[in-house]
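I opened my notebook to write down what I looked up here. My plan was confidence, then the surroundings of the nucleic acid, then one residue up close.

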2 protein chains.
Amino acid sequence: MSIGEAARRTGVSVHTLRYYERAGLVVTPVDRTASGQRRYQQPDLDWINVCTRLRATGMPIRTIRRYAELVSAGHGNEKDRLALLESHRVEVLARLAELQENLELLDHKIGVYRGRIDAGDADQLWAAGRPPATAAAR
Amino acid sequence: MSIGEAARRTGVSVHTLRYYERAGLVVTPVDRTASGQRRYQQPDLDWINVCTRLRATGMPIRTIRRYAELVSAGHGNEKDRLALLESHRVEVLARLAELQENLELLDHKIGVYRGRIDAGDADQLWAAGRPPATAAAR
DNA sequence: CTAGAATTTAGAGCGTGCTCGAAGTCAAAC
DNA sequence: GTTTGACTTCGAGCACGCTCTAAATTCTAG
């Protein structure tokens, strides 16, 4: 299928598809017609989806490239691939934790504003994080 | 305290402190000495910490600026502030969910590699996401 | 008083991940 | 055959969030 069709099916723009290819995010080169146009197969789409999902976990392009290199190098480096994925997993867990922690600040502030609005808007002083005892939120 | 001390205490570089100020991430202008050097007070640090934590939830600078503008505008816009925070909260929850979903792909792949390595490395075919029935992972 | 460290400004530079433009080639419908 | 739209490459451009430089000034310790 054409690059346009591949873009439609993966939800990635044709620009980005070509960019990913240039960036080395490939495991096997995409087929080309005699005139040089790309022709995608299902496995190409599957790989693009993997890239998309790795990106969605915040894996940088260069790391996905490294992973792609390991995959295309074939057998024998499974431990390296595993190490790469596990190392990234640690980062993802850290980011999840950070996000959740700071979401609490957000929730706290939202609670303060809700209370203040319900109560008819009382004082305005505030503290940075969780209330030390008494405090509002900016 | 000096900007250097403020940087030390907030964990933000002096460059970034000045950048935040330029970017409008201020609720009250930082004091200046007669000669023009910044002198930070505890509330300034508290606000910087709020900014840092909002940043950590992925809130863009321009949104924090908007929030700062609302705060410094004073009373009467609490509903706007609440709306801003709640809207951002929705985005944070979405990103948390996305992160968690794609973490599952990561975990799945890690599981596949662990199994393959333990088993002494079997076949190499693969599927993009969760295994449809039988498949390994790239 | 003086040396060295810290601070000031405005503006440039950078890393990341796209996103787009230009100029040309190709393909499918008519 | 011709048009219309999709495709090609290459390089530039952009948005974001810092990060750094330069040159001048100010502060602090001895």
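**Confidence.** I started with chain A, whose mean pLDDT is 90, with 87% of its residues at 70 or more. This is a predicted model, and I wanted these values noted before anything else. By helix, confidence in chain A is highest in α2(A), at 98, and lowest in α5 (residues 78–119), at a mean of 95. I then found that pLDDT is below 50 over residues 127–136 of chain A. In the model that stretch still has 16 contacts beyond near neighbours in sequence. A friendly reminder to myself: where pLDDT is low, the predicted coordinates should not be read in detail.

**DNA strand C.** Which residues come nearest to this strand? I looked up the 19 residues around it and listed A:P60, A:I61, B:S2, B:G4 and B:R38 as the nearest. I sorted the residues of this surface by type and got 10 polar, five nonpolar and four charged. At least two residues each come from α2 (14–22) and α4 (61–73) of chain A, and from α1 (3–10) and α2 (14–22) of chain B. The largest share, three residues, is supplied by α2(A).

**A:V92.** Next I picked a residue in helix α5 of chain A. Is A:V92 buried or exposed? I noted A:V92 as partly exposed, because 18 other C-beta atoms lie within 10 Å, and the cut-off for buried is 20 or more. Leaving out residues up to four places away in sequence, A:V92 touches A:T57 and A:G58, as well as B:L99, B:L103 and B:L106 of chain B. I also checked A:M59, which is 33 residues from A:V92 in sequence and 8.7 Å away in space, C-alpha to C-alpha.

Methods. Residues numbered from 1 in each chain as written. Chains lettered and ligands numbered in written order. Predicted model: local features only at pLDDT ≥ 70, side-chain atom pairs only at ≥ 80, totals over all residues. Near = placed C-beta within 6 Å. Helix = DSSP H or I, 4+ residues; strand = E, 2+ residues; numbered from the N terminus. Nonpolar A, V, L, I, M, F, W, Y, C, P; charged D, E, K, R; others polar. pLDDT = per-residue confidence, 0-100. Contact = placed C-beta atoms within 7 Å. Buried ≥ 20, exposed ≤ 12 C-beta atoms within 10 Å, placed from the backbone.
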